[in-house]
Amino acid sequence: MKFLCLACDEAMRLASTAGPDEGSLTVTFGCPRCGHRVAMLTNPWETQLVRTLGVKVGVGGAPAPAPLAAVRAGLAYQRPPEVVDFPAMLPGTAEPGTATAPSWTPEAEVRLERIPAFIRPMARVSIEQFARSQGYQTITGEVMDQARDRLGM
């Protein structure tokens, strides 16, 4: 990133840095031609982001690629093909891999579809876990009402 002087279209140069004081960092740039100066002040969150990325303010060149190495490695990792049954791993449920999901009546399925899409998978798992804990094999509207009352949904 470079800052350009609006008066003479010259690339500004780093003049000084200060901080971080109370989490803020101040960086001052000056135009070598006309002397115009600008300052950039970061808030504590931005200062922490810069530190986390390993950026050295005032040091020429691009930052070392090390901060992104962990991200690249994580993106390159492929999950193993086995399926993990997370609800069955919760306390009070069957052994992993042995839990069977209760069946849903058409009425219950319609009600489930009315739940916002971003929360629907979590609601489904919670209702199924509640049904299993109560010994229900089939989820009906009444079971959904009981789950809602018990779980505070």
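Arginine 124 is partly exposed in this predicted model, because its relative accessibility of 27% falls between the 20% limit for buried and the 50% limit for exposed. Its charged end sits over the ring of tryptophan 104, 4.8 Å from the ring centre. Arginine 124 also forms a salt bridge with glutamate 109, where the closest N and O atoms are 3.3 Å apart. That pair links helix α4, home of glutamate 109, to helix α5, home of arginine 124. The two residues are 15 apart in the chain. Glutamate 109 is partly exposed too, at 27% relative accessibility.

Now follow tryptophan 104 inward. Trp104 belongs to the largest nonpolar core, which has ten residues. Among the others are Leu112, Ile127, Phe130 and Met144. Helices α4 (106-113), α5 (120-134) and α6 (141-151) each supply at least two residues of this core. Methionine 144 touches several residues, including Trp104, Ala108, Leu112 and Ile127. A second, separate core has seven residues, with Cys5, Cys8, Leu25 and Cys31 among them. In soluble globular proteins, nonpolar side chains tend to be buried together.

Back to the charges. The count of salt bridges comes to seven. One of them joins glutamate 10 and arginine 33, at 2.9 Å from N to O. Glutamate 10 lies in the segment before β1 (13-21) and arginine 33 in the loop between β2 (24-30) and β3 (37-42), so the bridge ties together parts 23 residues apart in sequence. Glutamate 10 is partly exposed at 23%, while arginine 33 is exposed at 57%.

Another salt bridge pairs arginine 148 with aspartate 149, at 3.8 Å. Shared partners join Arg111, Asp145, Arg148 and Asp149 into one network.

Conventions:
Residues numbered from 1 in each chain as written. Predicted model: local features only at pLDDT ≥ 70, side-chain atom pairs only at ≥ 80, totals over all residues. Heavy atoms only, no water. Core = buried A, V, L, I, M, F, W, Y, C linked by side-chain atoms within 4.5 Å. Buried < 20%, exposed > 50% of the residue type's maximum accessible area, 1.4 Å probe, protein only. Helix = DSSP H or I, 4+ residues; strand = E, 2+ residues; numbered from the N terminus. Contact = heavy atoms within 4.5 Å. Lys NZ or Arg CZ within 6 Å of the ring centre and 35° of its normal. Salt bridge = Lys/Arg side-chain N within 4 Å of Asp/Glu carboxyl O. Lists of a residue's contacts leave out its neighbours within four places in sequence.
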